[in-house]
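Colleague: I have a model open and would like to go through it with you. Can you take me through the fold first and the contacts after that?

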Amino acid sequence: MKIRDRFSALADRLQIPEEARGSTLVTVTGKQVLIENHRGILCFTPERIVLRTERGSIAVTGRELTICAAGAQCLCIAGQIKGLEREQ
């Protein structure tokens, strides 16, 4: 059994919520988007930021997009947010 499968089985038994298991969590507040548990930046322009996730990628589109805060697995994007797209 792979480590990931063991972790998933243990998390199920302990009833750990999905967002605490490493799944990507997206929070939109006004002119900011907070993305937690991403796996890196794939593309960055003022109109589009694409982040790699465990299950594909997430694209944030808009105007004047900037990265206002960044951590190891957390990224805050600000600007005129027009949309979010999940890509496989």
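Modeller: What follows goes from the overall fold to one strand, then to salt bridges, cysteines and the surface.

Colleague: What should I know about the model and the numbering before I start?

Modeller: This is a predicted model, so local features need pLDDT of at least 70 and side-chain atom pairs count only at pLDDT 80 or more, while totals for chains, interfaces and linings use all residues. Residues are numbered from 1 along each chain as its sequence is written, and side-chain values use heavy atoms, with hydrogens and water left out.

Colleague: How many helices and strands does the chain have?

Modeller: One helix and six strands. The order from the N terminus is α-β-β-β-β-β-β. Helices (H or I, at least four residues) and strands (E, at least two) are DSSP runs, numbered from the N terminus.

Colleague: And what share of the residues is buried?

Modeller: Of the 88 residues, 30% count as buried. Buried means under 20% relative accessible area, exposed means over 50%, and partly exposed is in between (1.4 Å probe, protein chains only).

Colleague: What about long-range contacts?

Modeller: Among contacts with a separation of 6 or more, 40% are between residues 24 or more positions apart. A contact means heavy atoms within 4.5 Å.

Colleague: Let's pick a strand. Which strands does β2 pair with?

Modeller: β2, residues 32-36, pairs with β1, residues 25-29, in the antiparallel sense over five bridges. β2 also pairs with β6, residues 74-87, again antiparallel and over five bridges. Two strands pair if DSSP finds at least two bridges between them.

Colleague: Which residues stand opposite I35?

Modeller: In β1, V26 stands opposite I35. In β6, the bridge partner of I35 is L75.

Colleague: What is between β1 and β2?

Modeller: The two strands form a hairpin with two residues between them. G30 is in the turn and has a positive phi of about 60 degrees.

Colleague: Which side chains of β2 are on the covered face?

Modeller: V33 and I35 are on the covered face, and Q32, L34 and E36 are on the uncovered one. In a regular strand, side chains alternate between the two faces of the sheet.

Colleague: Changing topic. How many salt bridges are there?

Modeller: Three. The rule is a side-chain nitrogen of Lys or Arg within 4 Å of a carboxyl oxygen of Asp or Glu.

Colleague: Which residue does R39 bind that way?

Modeller: R39 forms a salt bridge with E54, and the closest N and O atoms are 3.0 Å apart. This pair links distant parts of the chain: R39 is in the loop between β2 and β3, E54 is in the loop between β4 and β5, and they are 15 residues apart. R39 is partly exposed at 32% relative accessible area, and E54 is also partly exposed, at 34%.

Colleague: And the other two?

Modeller: R48 takes part in both. The side chains of R48 and E87 meet at 2.6 Å, N to O. R48 is in strand β4 and E87 in strand β6, 39 residues apart. E85 forms a salt bridge with R48 too, with the closest N and O atoms 3.8 Å apart. E85 is in strand β6, 37 residues from R48. Shared partners join R48, E85 and E87 into one network.

Colleague: Are those three buried or exposed?

Modeller: Each falls in between: E85 is partly exposed at 36% relative accessibility, R48 at 28% and E87 at 24%.

Colleague: How many disulfides are there?

Modeller: Zero. A disulfide here is a pair of cysteine sulfur atoms within 2.5 Å. For C76, the nearest cysteine sulfur is that of C68, 3.1 Å away, and C76 is in no disulfide. C76 counts as buried at 10% relative accessibility, while C43 is partly exposed at 29%.

Colleague: Last one, the surface. Which residues make the nonpolar patch?

Modeller: V26, V28 and L84 make a nonpolar surface patch of about 220 Å². Patches are made of residues with over 30% relative accessible area and no salt bridge; like charges are joined within 9 Å, nonpolar side chains (Val, Leu, Ile, Met, Phe, Trp, Tyr) within 5 Å. L84 lies in strand β6 and is partly exposed at 39% relative accessibility.

Colleague: How much area does the chain expose?

Modeller: About 5800 Å², of which carbon and sulfur atoms supply 53%. Accessible areas come from the Shrake-Rupley method with a 1.4 Å probe, and for residues only the protein chains shown count as cover.
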